[in-house]
Amino acid sequence: EYDVSYYQLNLSNPAFQALLEADLQEDEAVWGEMLASGPSLLRHNYTLENLKEYREDIVQNYCQDVILSEGVKAYLADALGEYESDYQKLKAIETLLDSYHYTNMPGKIPGRVKTQEDFLDYFLLESREGFCSHFATAFVLLARAEGFPARYVEGFMIPVTKERVMDVSSSRAHAW
């Protein structure tokens, strides 16, 4: 039995989309405003330098080099086209993967698929179908290949209801 706290993002809200697309630069004034509007715990313990160190840790942990085959490099370059902003590039990767077929029964991955590079070649250029872990893995690897820190996460997708208690079965397992 678990108690869970969560935030539900309103991804379709235009203000949230504008925030994602904004090219915000961290500086002392912006950081000060954020701390002043946040929980009091933050005001006393975190500096802009802490934020920069944290971001560097994120890059070190979630931006490992990804080797792409020539076929996937060309495919990704075509999908990203002339997009310049980070947000546009990530949305282009999302759009690319949205065009693939989601299925809970994609068939067995061939034995010749032994590395990340092999997986991307197979998934992106050959099978073009899979379930959540296939899509999440592909997104993470493509984002990292473009220099974006990204991580793969598994958990449970729970519908938002007014119920305070909910049974969660393995059928709710998901990857992002």
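Histidine 134 sits in helix 8 of this predicted model. Histidine 134 is buried, because its relative accessible area is 8%, and the cut-off for buried is under 20%. Leaving aside residues up to four places away in sequence, histidine 134 touches Pro106, Ile109, Phe119 and Phe123. One of these partners, Phe119, is itself among the buried residues of helix 7. So is Phe123.

**The chain as a whole**

- The chain holds 8 helices and 4 strands.
- In sequence order, the pattern reads α-α-α-α-α-α-β-α-β-α-β-β.
- Of the chain's 176 residues, 26% count as buried.
- Take the contacts between residues at least 6 apart in sequence: 52% of them join residues at least 24 apart.

**Helix 6 against helix 8**

- Two packed helices are described by the angle between their axes and the distance between the axes.
- Helix 6 covers residues 86–98, and helix 8 covers residues 132–145.
- Their axes lie 10 Å apart, and the packing angle is about 150 degrees.
- That angle makes helix 6 roughly antiparallel to helix 8, because angles over 145 degrees count that way.
- The crossing of helix 6 past helix 8 is right-handed.
- Helix 6 brings Leu90, Ile93, Glu94, Leu96 and Leu97 to the contact.
- Helix 8 brings Phe135, Ala138, Phe139, Leu142 and Ala143.
- Sorted by class, this contact has 9 nonpolar residues, no polar ones and 1 charged one.

**Helix 5 against helix 6**

- The axes of helix 5 and helix 6 come within 9 Å and cross at roughly 115 degrees.
- The two helices are therefore roughly perpendicular to each other.
- Helix 5 passes helix 6 in a right-handed crossing.
- On the helix 5 side, Tyr75, Leu76, Ala79 and Leu80 make the contact.
- On the helix 6 side, the contact residues are Lys89, Ala92, Ile93 and Leu96.
- The contact of helix 5 with helix 6 divides into 7 nonpolar, no polar and 1 charged residues.
- Ile93 and Leu96 of helix 6 take part in the contact with helix 5, and they also take part in the contact with helix 8.

**The two sides of helix 5**

- Helix 5 spans residues 70–80.
- Val72, Leu76 and Leu80 are buried in helix 5.
- These residues cover an arc of only 65 degrees around the axis, which puts them on the same side of helix 5.
- The buried residues of helix 5 pack against helix 6, helix 7 and helix 8.
- Exposed residues Glu70 and Asp78 are on the face turned away from the buried side of helix 5.
- Glycine 81 follows helix 5, and its phi is positive, near 50 degrees.

**Helix 7 and the residue after it**

- Helix 7 runs over residues 116–127.
- The buried residues of helix 7 are Phe119, Leu120, Tyr122, Phe123, Leu124 and Ser127.
- Viewed down the axis of helix 7, the buried residues fall within an arc of 170 degrees, so they line one face of the helix.
- They pack against helix 5, helix 6, strand 2 and helix 8.
- Arginine 128 comes just after helix 7, in the loop between helix 7 and strand 2, which covers residues 129–130.
- Arginine 128 is not a glycine, yet it has a positive phi of about 55 degrees.
- Arginine 128 counts as partly exposed, because its relative accessibility is 35%.

**Proline 149: far in sequence, 7.8 Å in space**

- Proline 149 lies in the loop between helix 8 and strand 3, which covers residues 154–156.
- Proline 149 counts as partly exposed, because its relative accessibility is 38%.
- Proline 149 and asparagine 61 are 88 residues apart in sequence, but their C-alpha atoms are 7.8 Å apart.
- With residues up to four places away in sequence not counted, proline 149 touches Ile58, Val59, Tyr62 and Cys63.

**Asparagine 45 in helix 3**

- Asparagine 45 is found in helix 3, residues 40–45.
- Asparagine 45 counts as partly exposed, because its relative accessibility is 44%.
- Asparagine 45 and leucine 35 are 10 residues apart in sequence. Their C-alpha atoms are 9.8 Å apart in space.

Note on methods: Residues are numbered from 1 along each chain as its sequence is written. This is a predicted model: local features need pLDDT of at least 70, side-chain atom pairs count only at pLDDT 80 or more; totals for chains, interfaces and linings use all residues. Side-chain values use heavy atoms; hydrogens and water are left out. Axes are lines fitted to C-alpha atoms, for helices over the stretch in contact, and angles run from 0 to 180 degrees between N-to-C directions. Angles under 35 degrees count as roughly parallel, over 145 as roughly antiparallel, 65 to 115 as roughly perpendicular and the rest as oblique. A crossing is left-handed if the near helix is turned anticlockwise from the far one by less than a right angle, and right-handed if clockwise. Contact means heavy atoms within 4.5 Å. Ala, Val, Leu, Ile, Met, Phe, Trp, Tyr, Cys and Pro count as nonpolar, Asp, Glu, Lys and Arg as charged, and the others, Gly among them, as polar. Buried means under 20% relative accessible area, exposed over 50%, partly exposed in between (1.4 Å probe, protein chains only). The arc is that of the directions from the helix axis to the C-beta atoms.
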